[in-house]
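Grab a pencil and work through these exercises with the model open beside you. Try each task before you read its solution.

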Amino acid sequence: MTSQRHRLVIVGGSDAGIAAGLRAQQLDPSIEPLVVVADAYPNFSICGLPFYLSETPDWRDLAHRSRSDLEAAGLRFRLDHAASQIDADRHTLTVRDPDSDERVIGYDTLIVGTGAVPARPPIDGLDTPGVHVLHSMDHVFAVHDRITLPSTRTAIIVGVGYIGLE
Ligand SMILES: Cc1cc2nc3c(=O)[nH]c(=O)nc-3n(C[C@H](O)[C@H](O)[C@H](O)COP(=O)(O)OP(=O)(O)OC[C@H]3O[C@@H](n4cnc5c(N)ncnc54)[C@H](O)[C@@H]3O)c2cc1C
C-alpha cells in the first residue's frame, strides 16, 4: 500500500501563512503546503507599505522572498483565490478563482492565516473615492495612484499611530 502525502492547505500568504508553510515543510519535507492567497502578493512586507509611498521606488522590493524562492522551498500557490467556505466534515475548502468560479480543494490539515482588517471608525464618507485604508498591496497601489495624480495637491492622514506616522 502506498502512503498518501499529507495535504496541508494554508489560507493566507503573508507573514503567518508563509511562516507556517515553510516550517511545516522543514519539519516534514514530504509535505508540499498549498497556500491559497486572495491577492497576487505572497510574502510581501505589509510593514513596508508606508515606505513604498516614500522611499521604495519599486514595489517588488517589498517582497521578503520571491514566488520562485518560495516554490523552491516546497510551497505551492493558488494566487488570486479567495477562500469562501470550509467544510470541516468533508475536509474541503471552497475557493473563488479570479473568474469568480468556485473550486473545492481537499485537505488533511488546514491553517487559516488571514490576518486582521483595518479598523473602520464610524466616519461618514469613509467608503467614498479618494479615501483609503492601508493594509494590502492593492491598498498601497491605490494610494500611490492617487497621490501621483498631477491634480493631487494635499493629503490628510487620519490617525497618527506608527503607521500614520511612517
Ligand atoms: C501599514 C502597516 C505597517 C505595519 N508595520 C509593522 C511594523 O513596522 N512592524 C511590525 O511588527 N508589524 C507591522 N505591521 C503589522 C504586520 O504587518 C502584521 O502583524 C502582519 O502582516 C500580520 O501577518 P498575517 O500573515 O497574520 O496577516 P496579513 O499580513 O494581514 O495577511 C493576510 C493574508 O491573508 C490573505 N487573505 C485574507 N483573506 C483571505 C481569503 N478569504 N482567502 C485567501 N486569502 C486571504 C491576504 O491576501 C494575505 O495574504 C504593519 C501593518 C500594516 C497594515
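**Exercise 1. Find the partners of Val 9, then place Val 9 in the fold.**

Step 1. Skip the neighbours within four places in sequence, and Val 9 is in contact with Leu 34, Val 36, Leu 93, Ile 105, Tyr 107 and Leu 110. Here, two residues are in contact if their C-beta atoms, placed from the backbone, lie within 7 Å.

Step 2. A quick word on what you're looking at: this is a predicted model, where local features need pLDDT of at least 70 and side-chain atom pairs count only at pLDDT 80 or more, while totals for chains, interfaces and linings use all residues. Residues are numbered from 1 along each chain as its sequence is written.

Step 3. Val 9 sits in strand E1. Helices (H or I, at least four residues) and strands (E, at least two) are DSSP runs, numbered from the N terminus.

Step 4. Is Val 9 buried or exposed? Val 9 counts as buried because it has 25 C-beta neighbours inside 10 Å. The cut-offs go like this: a residue is buried if 20 or more other C-beta atoms lie within 10 Å of its own, exposed if 12 or fewer, and partly exposed in between, with C-beta atoms placed from the backbone.

Step 5. For a long-distance comparison, look at Ser 151: it is 142 residues from Val 9 along the chain, and their C-alpha atoms are separated by 45 Å.

**Exercise 2. Work out which residues make up the largest nonpolar core.**

Step 1. Start with the rule: a nonpolar core is a set of buried Ala, Val, Leu, Ile, Met, Phe, Trp, Tyr and Cys residues joined through C-beta atoms within 7 Å.

Step 2. The largest one has 15 residues, and those with the most contacts inside it are Val 9, Ile 10, Val 35, Val 36, Ala 83 and Leu 93.

Step 3. E1, H1, E2 and E5 each supply at least two residues of this core. E1 gives the largest share, four residues.

**Exercise 3. Put the strands of the parallel sheet in order and find its edges.**

Step 1. Four strands form an open sheet, in the order E3-E2-E1-E7, with parallel pairing. Two strands pair if DSSP finds at least two bridges between them.

Step 2. Why do E3 and E7 each have a side without a neighbour in the sheet? Strand E3 (76-78) and strand E7 (109-112) stand at the edges with a single partner strand each, so one side of each is left without a neighbour.

Step 3. On average, neighbouring strands of this sheet are turned by 20 degrees against each other, direction ignored. Axes are lines fitted to C-alpha atoms, for helices over the stretch in contact, and angles run from 0 to 180 degrees between N-to-C directions.

Step 4. Zoom in on one pair: E1 (residues 8-11) and E2 (residues 34-36) are parallel over three bridges, and Val 11 stands opposite Val 36 in E2.

Step 5. Now add a helix. H1 (residues 15-27) lies across E1, E2 and E7 and runs at about 165 degrees to E1.

**Exercise 4. Trace the two hairpins that share E5.**

Step 1. E4 and E5 pair in the antiparallel sense over five bridges, with Ala 83 opposite Val 95 in E5. Their hairpin has four residues between the strands, and His 91 there takes a positive phi near 55 degrees.

Step 2. E5 and E6 are also antiparallel, over five bridges, and Arg 96 stands opposite Glu 102 in E6.

Step 3. Ser 100 lies in the loop between strand E5 (92-96) and strand E6 (102-106). Ser 100 has a positive phi of about 70 degrees although it is not a glycine. Ser 100 is exposed, because just 8 other C-beta atoms lie within 10 Å.

Step 4. Check the faces of E5: Leu 93 and Val 95 form the covered one, while Thr 92, Thr 94 and Arg 96 form the uncovered one.

**Exercise 5. Describe the shell around the ligand.**

Step 1. The ligand is surrounded by 24 residues, and the closest are Gly 12, Ser 14, Ala 16, Cys 47 and Gly 115. A residue is near a molecule or strand if its C-beta atom, placed from the backbone, lies within 6 Å of it.

Step 2. H1, helix H2 (49-54) and strand E4 (82-87) each supply at least two residues of this shell. H1 brings the largest share, three residues.
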